[in-house]
Amino acid sequence: MVKDKKLYEFNQVRIFFIIIFCSVVSLLFYVYMGLPRNVAISDYEKIESQSAFDVENHNGKVVSFSGWFTVNGQDSSRQLKKEMVLSNEDSSYSYPVRYIDRPDVAGSFKDNQFWRAGFACQINGRFLKKGKYRLYMKYVYNNKNYVSDLKREIQVR
């Protein structure tokens with residue numbers, strides 16, 4: 001009986017530490033994903049695109065976007081490593097985007113290649129210098145690096 005109780009207590013302590021470990025790892029991953037990555041737009045081939053922003057929220061120091069992005073002749077589900085780029089005269093930073101299925105966009109363009117055209121991105125402005133930034137989308141398609149001007153600017157305060 002005492003042996004079972006000790007084993008039970010040991011398992012509870014072990015589960016507690018596993019929960020703490022997973023929480024810390026999740027927090028570190030969240031912080032890592034929020035850090036801006038330096039990028040040089042000139043390293044990418046420029047390409048024309050169509051895009052729209054459905055939602056843009058400035059909540060204090062956090063900027064959230066969602067919308068869609070398409071390039072004629074490209075299957076949006078094969079646009080890999082898609083990232084939002086904020087660029088000004090001093091620097092350029094990129095943030096990964098979350099892919100979202102957009103059957104409405106595919107239906108509107110009558111092209112099933114645009115089914116996965118949706119994106120969402122959250123940017124923590126605490127790690128950026130204040131100022132105006134031009135928005136770009138960068139990605140890899142058929143082993144080529146592309147960047148497209150989204151013809152949009154934001155102000156980081």
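Me: In this predicted model, which word fits Phe53 and Phe119, buried or exposed?

Reply: Phe53 is buried, and Phe119 is buried too. That means each has under 20% relative accessible area.

Me: How many aromatic pairs does the whole structure have?

Reply: A search turns up seven. One of them joins Phe53 and Phe119, with 5.8 Å from centre to centre and 85 degrees between the planes.

Me: Why is the pair of Phe53 and Phe119 called edge-to-face?

Reply: Let's set the values against the cut-offs. The centres are 5.8 Å apart, and rings pair if their centres lie within 6.5 Å, so this is a pair. The planes make 85 degrees, and over 60 counts as edge-to-face, so the name fits.

Me: What makes this a link between distant parts of the chain?

Reply: Phe53 sits in strand β3 (residues 50-59) and Phe119 in strand β8, 66 residues apart. Together with Phe65, they form one aromatic cluster.

Me: What about Trp68 and Phe109: why do they count as an edge-to-face pair?

Reply: You can try the steps again! Their centres are 5.6 Å apart, with 75 degrees between the planes. The distance is within 6.5 Å and the angle is over 60, so both tests are passed. This pair also links distant parts of the chain, with Trp68 in strand β4 and Phe109 in helix α2 (residues 103-109), 41 residues apart.

Me: How do you know whether Trp68 is buried or exposed?

Reply: Trp68 has a relative accessible area of 15%. Buried means under 20%, so Trp68 is buried.

Me: And why is Phe109 called partly exposed?

Reply: Phe109 has 35% relative accessibility. The partly exposed class lies between the 20% and 50% cut-offs, so Phe109 belongs there.

Me: Ser66 is in strand β4; what makes it buried?

Reply: Its relative accessible area is 19%, and the cut-off is under 20%, so Ser66 counts as buried. Leaving aside neighbours within four places in sequence, Ser66 is in contact with Phe53, Asp54, Val55, Phe119 and Ala120.

Me: Which residues have the most contacts inside the largest nonpolar core?

Reply: They are Phe65, Met84, Leu86 and Ile123, in a core of 23 residues. Several strands supply at least two residues each, including β4 (62-70) and β5 (80-87). The largest share, five residues, comes from β9.

Me: How many disulfides are there, and how do Cys22 and Cys121 compare with the burial cut-offs?

Reply: There are zero disulfides. Cys121, at 5%, falls under 20% and so is buried. Cys22, at 42%, lies between 20% and 50%, so Cys22 is partly exposed.

Terms used. Residues numbered from 1 in each chain as written. Predicted model: local features only at pLDDT ≥ 70, side-chain atom pairs only at ≥ 80, totals over all residues. Heavy atoms only, no water. Disulfide = S-S within 2.5 Å. Buried < 20%, exposed > 50% of the residue type's maximum accessible area, 1.4 Å probe, protein only. Core = buried A, V, L, I, M, F, W, Y, C linked by side-chain atoms within 4.5 Å. Helix = DSSP H or I, 4+ residues; strand = E, 2+ residues; numbered from the N terminus. Contact = heavy atoms within 4.5 Å. Phe/Tyr/Trp six-rings, centres within 6.5 Å; stacked < 30°, edge-to-face > 60°.
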